[in-house]
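Q: I would like to talk through the packing and the internal spaces of this model. Could we begin with the cavities?

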Amino acid sequence: MTNTVKQAAETAQVKTSEAMGTAKEVGGETVAVANDFLHTPFMRGALPFINGGLSGMVATTVIQPVDMVKVRIQLAGEGKAGGPKPTPISVTREIIASGRALDLYTGLSAGLLRQAVYTTARLGFFETIMGNLSSRAKSKDKSIGFAERASAGLTAGGLAAMIGNPADLALIRMQSDGLRPLAERKNYSSVFDALRSIARSEGIGALWAGATPTVVRAMALNFGQLAFFSETKAQLKQRTQWSTKTQTFTASAVAGFFASFFSLPFDFVKTRLQKQQKGPDGKLPYRSMIDCFTKVAKQEGLTRFYRGFGTYYVRIAPHAMVTLIALDYLTFLTR
């Protein structure tokens, strides 16, 4: 009886697999293969993008409060040479005191949408480009160098940033809304409400405000993060006997530092440009990325561009770690 049930179950599994195209011949017998769907040409091309987006959304959910604090620090003392010098602790206290602890997650929906678009694209493009470069290098019996990794990171970052700019803009507007007087706050209910409100009042083109520094920032960040992560991990694998987890953590920390150092000035300018709105005279505070760089340097000093570096690093490095670890795990599950 038991054997009969077992045979019936195996027959049903094989028939189901044949219907789904996931059965193959092994030693003259038909055997079910559960993961053939993941190995279709379409899914092999799509998985780098799907895994990249999911890993970025997991990381953003963990890091969102740090990003909120980082944005508030960058917007403090705008237009003043001295101005307040907030600390991560003082900003956190102020946010909680003026509302609720959950206010630290303001803009989470925009952050998740940004990851669904931006990180899906940047990691997907990076893995695709690196895959093509690897195949080409292997056919010539060569190995990929740092220059190739840097080019892949710069290209992936620039393309993804342009696509994801509207979600990034909505995130900055939602996070900075609490700094406005009560009567002037938009009180966006969601990222889609923010996008709709901005497009209605400022025009569709406004959704790409700050696109230039956003693209430059993304290229700098991806150059620091993906290129240095890939290179560091390759060097550690070659020169040490460390475990894969230790190599990943170490490479993520190194990549986080270089990503922070190269991208923070552009992230600062991006935040200022995306937060700005027309004043009573109908003019914007900054005309362009260059104008913003010039005015901040003159009015607030060059060191202002690196204000909040510690907070920015704490936001970038763990985000990179969580993203890359989640990506490695998802890649393992779907390989």
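Q: Which helix gives the largest share of the lining of the second largest cavity?
A: That share comes from α5, with four residues. The model is a predicted one, in which local features need pLDDT of at least 70, side-chain atom pairs count only at pLDDT 80 or more, and totals for chains, interfaces and linings use all residues. Residues are numbered from 1 along each chain as its sequence is written, and side-chain values use heavy atoms, with hydrogens and water left out.

Q: What counts as a cavity here?
A: On a 1 Å grid over the protein atoms alone, a cavity is a set of points where a 1.4 Å probe fits but cannot get out, and lining residues have an atom within 4 Å of a point. A volume is the space filled by probe spheres set on the points, which are joined across faces, edges and corners.

Q: Which elements supply at least two residues each to that second largest cavity?
A: They are α2 (41-75), α5 (146-176) and α8. Helices are DSSP runs of H or I with at least four residues, numbered from the N terminus.

Q: And what is the character of that lining, by class?
A: It has three nonpolar, one polar and eight charged residues. Among the residues that line it are D67, K70, R114, D168, R217, D267, K270 and R315. Here Asp, Glu, Lys and Arg count as charged; Ala, Val, Leu, Ile, Met, Phe, Trp, Tyr, Cys and Pro as nonpolar; and the others, Gly among them, as polar.

Q: How many cavities of 30 Å³ or more are there?
A: The structure holds four. The largest has about 100 Å³ of space, and the second largest has a volume of about 70 Å³.

Q: What lines the largest cavity?
A: Its lining includes R114, Q115, Y118, R217, R315 and H319. The most comes from α4, with five residues. By class, this lining has three nonpolar, four polar and four charged residues.

Q: Changing topic: at what angle do α8 and α10 cross?
A: The axes of α8 (residues 244-275) and α10 (residues 309-333) cross at roughly 135° and come within 8 Å. Axes are lines fitted to C-alpha atoms over the stretch in contact, with angles from 0 to 180 degrees between N-to-C directions.

Q: Which residues make that contact?
A: Among them are F249, F257 and L264 of α8, and Y312, I316 and L324 of α10; contact means heavy atoms within 4.5 Å. By class, the contact has 15 nonpolar, five polar and two charged residues.

Notes: On a 1 Å grid over the protein atoms alone, a cavity is a set of points where a 1.4 Å probe fits but cannot get out, and a pocket is an open set with protein on both sides within 12 Å along at least five of seven lines; lining residues have an atom within 4 Å of a point.
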